[in-house]
Amino acid sequence: MANLNGVKKQIKSVNDIAQMTKAMQLVSAAKMRRSRVLHDSVTPFFSLCAESIQEIQNSSKDADMDNPFFVLNQKTKGETWKVAYFVLSGDQGLAGAYNNNMVKIAEEHVRKKTLENTAKGISTDYKLFVFGKLAREKLIRNGYIVDSEFSFPITEPNFYQARNVGEIIRNQFLNHEFDLVYLIYTNMKSAINMVPVVMRLLPVDLKSISSILPENLEDAGLAIGKGATIEYSPSPNAVLNYLTSTYLNAMLYGAMVEAYSSEQTARMTAMDNATNNADEMMKSLQLIRNRARQSKITNELTEIINGATQANNL
């Protein structure tokens, strides 16, 4: 009797969990669809900005281009690379290994960069700026240098947040607080294919930009390739400075949307798996319950038959 009641309580508990995970799956699916709409709306703008930057550089190879955002200074033995990492993680759990993967990727890149520089006799001074509280808390526990004052949520990203972060990065880079700025996030190719991305945000790395653009927009220089002459007013440098700020904002916004979409997709997948596991557990528990019920009925019938037999013998 106690065993049957225990199984019934387990079935109720698993059923409640299945209902919760199913609801979370539906919510994550709705948020994921909204984030993809945001992503599709910003991609053409960012792609055109990136293409324009490439056009200017291609057409101004012989000109005196003096733009700090495109100059990668080299370090010699005894000097220090000052590196900033902007890591995009989630604010909530129950998303499978998504947040742990972001922590792992950030840690691996910091270690790799530090070892490479050490082998060259160059020191590494880094700092992590983390979107989302889960990865931030874990990186702090693991002993990494994390900026505690930098706190931006990744939930429902908007362009104003990206612009604020872009301004922070721009000012710190121009003030020589950092020599390199990396962006770490997850690029969602599809619902089952999410690729981690570590790209150099500053100085601008055109190869990294091309690698994340849609295939039909990878080849910039369309006007140059057709023999057209482009004039930039007041100068290529001025246009490039303007586009750099736009590029930073668009790049950050696109990465925030990608990260948010990836997080929701990971949570949707995790909740779908949890719901399926709960259904399988329900089937097993129902089978156990049926067997316990049959055993109980059999025992009761046996007791009745034994009682009737004893009465007849009397």
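Here are three short exercises, with worked solutions, on a predicted model.

**Exercise 1.** Which residues have the most contacts inside the largest nonpolar core, and which helix gives the largest share of this core?

*Solution.* Start with the core itself: it has 68 residues, and F86, L128, L183 and Y247 have the most contacts inside it. Next, look at where its members come from: helix 7 (residues 236–313) supplies the largest share, 14 residues. Then take a look around F86. Leaving aside neighbours within four places in sequence, F86 is in contact with residues including F129, F131, F150, V165 and L183. As a bit of background, nonpolar side chains tend to be buried together in soluble globular proteins.

**Exercise 2.** What span should helix 4 (residues 159–174) have at 1.5 Å a residue, and where do its buried residues lie?

*Solution.* First, the span: the expected value is 1.5 Å times one less than the number of residues. Helix 4 has 16 residues, so it should span 22 Å, and its end C-alpha atoms are indeed 22 Å apart. Second, list the buried residues: Q161, A162, V165, G166, I169, Q172 and F173. Seen down the axis of helix 4, these fall within an arc of 135°, so they line one face of the helix.

**Exercise 3.** Which residue caps the N-terminal end of helix 4, and which residue just after helix 4 takes a positive phi?

*Solution.* Begin at the N-terminal end: N158 is the cap, with a side-chain oxygen 3.1 Å from the backbone nitrogen of Y160. Now go past the other end: H176, just after helix 4, has a positive phi of about 65°. For practice, look at helix 2 too: G121 follows helix 2 and has a positive phi near 80°.

Methods
Residues are numbered from 1 along each chain as its sequence is written. This is a predicted model: local features need pLDDT of at least 70, side-chain atom pairs count only at pLDDT 80 or more; totals for chains, interfaces and linings use all residues. Side-chain values use heavy atoms; hydrogens and water are left out. A nonpolar core is a set of buried Ala, Val, Leu, Ile, Met, Phe, Trp, Tyr and Cys residues joined through side-chain atoms within 4.5 Å. Buried means under 20% relative accessible area, exposed over 50%, partly exposed in between (1.4 Å probe, protein chains only). Helices (H or I, at least four residues) and strands (E, at least two) are DSSP runs, numbered from the N terminus. Contact means heavy atoms within 4.5 Å. The arc is that of the directions from the helix axis to the C-beta atoms. A polar contact is a pair of N or O atoms within 3.5 Å; within protein, one must be able to donate a hydrogen and the other to accept it, and residues adjacent in sequence count only if both atoms are side-chain atoms.
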